[in-house]
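Student: I would like to go through this structure term by term. For each label, tell me what it rests on.

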Amino acid sequence: MKKYFKFIVAGIIALLFIGTFVFLWAKSRPQAVEYDEFTPTVRDIRKTTVVTGKIEPRNEVNVKPQISGIITQLMKEAGQTVQAGEIIAKIKVIPDMGQLSSAQARVRLAGVNIKQTKIDYLREKALFDKGLVSADEYDKIRQSYRQSQEEVRASSDNLEVVRDGVSRSNANTSSTLIRSTISGLVLNVPVKVGNTVILSNTFNDGTTIATVANMNDLIFRGNIDETEVGSLVTGMPMKITIGALQDEKLEANLEYISPKAVESNGANQFELKAAVRGVDGNKIRSGYSANAEIVLAQANHVLSVPESAIEFQGNATYVYVIKMVGKNKTYERRRVVTGLSDGINIEIKSGITLKDKIRGPKKVADTPEDSEDK
C-alpha cells in the first residue's frame, strides 16, 4: 500500500511541474497584436472653447442720497420693480447746527430789512403820488422793497431746507425723497428704517440706499486664455449655459474683448463681454455662474477619422491603411493632409477615401483589476 502511495505522490508532483512549465511557456510566447479599426466618415467638425463667467446686468445703479439723515420709511424692497423717478425711501434730515444758526440769523436779518424797506417804500410812494419826487427815485425804492420781500422768502426756504431737508416751494423735488434713477428691478436694499445715511462727497462714496438694475438687458462677462483670444472677433455667436438653470440655453453675441491682459494663476487672461439675447428677466438672477461655448473654427461635411489613428512626424501626418493579402492583414503607411481637429476627430483633406479602412491604436487587454471593476 505504501508503495502505491509513493507512486501517486510522485505522479502529482510531476503533473504540477509539467503544468507549470506549459503555463510559463504559453505566457512567454509573443501575443498577436490587435488594433482598433476605423472607417472614415463625413461629419461636421467644430473647434470650440468654453469660457467660464457670470451673468450680470449691463446697467446696475447704486441709488445714494443727496443729503445726510435718517431713514424714516422704505417704499421698496429687493425683488420689486421700480420706475425711474419712483420713490424708494424717505429721509429725515439731521441739521448741522452751524448751518441752522446761520439760516435762522438770515431769516431774522431779512425780517429787519423788510420792515425798514417797507417804511421807506410807503413814504416814497406818498411823495410820488403828490408829485414831490421823480419816478426814477420812486422806482429805486420800490425795487429795493421787492428785493427785501424776495430775501424773506429765500431765507425762509433756506431755513426749511437746512432744518427739514425740504421747503414748501420745492416739495415735489425734495432731496429727502430718494428716487430711483432708472427703471428696473431692485436687487438689494442694504439699509433699514432708522439707519443713518450720508451723502456722497469728496471724502466718501456715500451710503447706498438701493441697487437697481435692468434685468432685461444682461451681459455675460468672463475671461479667455491668451492662446485662444486671437481667434475671437466681435459679433461672434455664443451659447450660454447657466449652472443654476441646466435647461436654460441662451444665445449671445461677443461685443467686447479687452485690449489688455490680466494675470490669473500664472496665465494671461483677457476679459470679454457678450450681449445676451432672449432674456427672461423674471427667471434669471444677477450673478448667476455661466459657461459660454464659442465656436473658434468650423468645417462642414468633411472627411474625418479619429485623431488617435493619426501618426505625427514632424510637419507630416500619416495613417496606416488596412490591406488584405489572402487571409492576412497588412498595413500601408500613407501620408495624408489634415485640417481642423476638435480634439477627438480630425479633418482629412487628402490621402484616403471613404472606401479605405484605417488602423487605430493597439487594443489594450483588460487587467484583472479591470475585470473585477466590471
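Student: What share of the chain is buried, and what makes a residue count as buried?
Tutor: A residue is called buried when its relative accessible area is under 20%. In this predicted model, 31% of the 374 residues in the chain fall in that class. The accessible surface of the chain comes to about 24,200 Å², and carbon and sulfur atoms hold 52% of that area.

Student: How do you know how far to trust the model, and where is confidence lowest and highest?
Tutor: The predictor gives each residue a confidence, pLDDT, from 0 to 100. The mean for the chain is 83, with 85% of residues at 70 or more. Helix α5 (residues 368-373) has the lowest confidence, a mean of 51. Strand β10 (residues 210-213) has the highest, at 94.

Student: How many helices and strands are there?
Tutor: The chain has 5 helices and 21 strands. Of the contacts between residues at least 6 apart in sequence, 71% join residues at least 24 apart.

Student: Why is the pair of Y121 and Y145 called stacked?
Tutor: Two tests apply: ring centres within 6.5 Å make a pair, and planes under 30 degrees apart make it stacked. The centres of Y121 and Y145 are 5.0 Å apart and their planes differ by 10 degrees. Both tests are met, so the pair is stacked. Y121 lies in helix α2 (residues 97-129) and Y145 in helix α3 (residues 135-164), so the pair ties together parts that are 24 residues apart in sequence. Y121 and Y145 are buried. The structure holds 3 aromatic pairs, and ring pairs link Y121, F128, Y138 and Y145 into a cluster.

Student: What makes K273 a charge over the ring of Y256?
Tutor: The distance part of the rule asks for NZ of Lys or CZ of Arg within 6 Å of the ring centre. K273 is at 5.1 Å from the ring centre of Y256 and lies over its face. R359 lies over the face of Y331 in like manner, at 4.9 Å from the ring centre.

Student: Why do β4 and β6 count as paired strands?
Tutor: Pairing needs at least two bridges. Strand β4 (residues 69-74) and strand β6 (residues 87-93) are joined by 5 bridges and run antiparallel, so they qualify. Q73 stands opposite K90 in β6.

Student: How many bridges join β4 to β9?
Tutor: There are 2 bridges between β4 and strand β9 (residues 196-197), which run antiparallel. That reaches the minimum of two, so this is a pair as well. G69 stands opposite V197 in β9.

Student: Which strands make up the open sheet, and which stand at its edges?
Tutor: The sheet has 4 strands in the order β7-β6-β4-β9, with antiparallel pairing. β7 (177-179) and β9 each have a single partner strand, so one side of each is left without a neighbour in the sheet.

Student: What is noted about the phi of N265, and is N265 buried or exposed?
Tutor: N265 has a positive phi of about 55 degrees although it is not a glycine. N265 is found in the loop between β14 (262-264) and β15 (267-277). Exposed means over 50% relative accessible area; N265 has 82%, so the label is exposed.

Student: Where is H301 found, and what makes H301 exposed?
Tutor: H301 is found in strand β16 (residues 289-306). Its phi is near 55 degrees, a positive value in a residue other than glycine. The relative accessible area of H301 is 65%, against a cut-off of over 50%, so H301 is exposed.

Definitions and conventions: Residues numbered from 1 in each chain as written. Predicted model: local features only at pLDDT ≥ 70, side-chain atom pairs only at ≥ 80, totals over all residues. Heavy atoms only, no water. Buried < 20%, exposed > 50% of the residue type's maximum accessible area, 1.4 Å probe, protein only. Contact = heavy atoms within 4.5 Å. Areas by Shrake-Rupley, 256 points an atom, 1.4 Å probe, with all protein chains shown as cover. Phe/Tyr/Trp six-rings, centres within 6.5 Å; stacked < 30°, edge-to-face > 60°. Lys NZ or Arg CZ within 6 Å of the ring centre and 35° of its normal.
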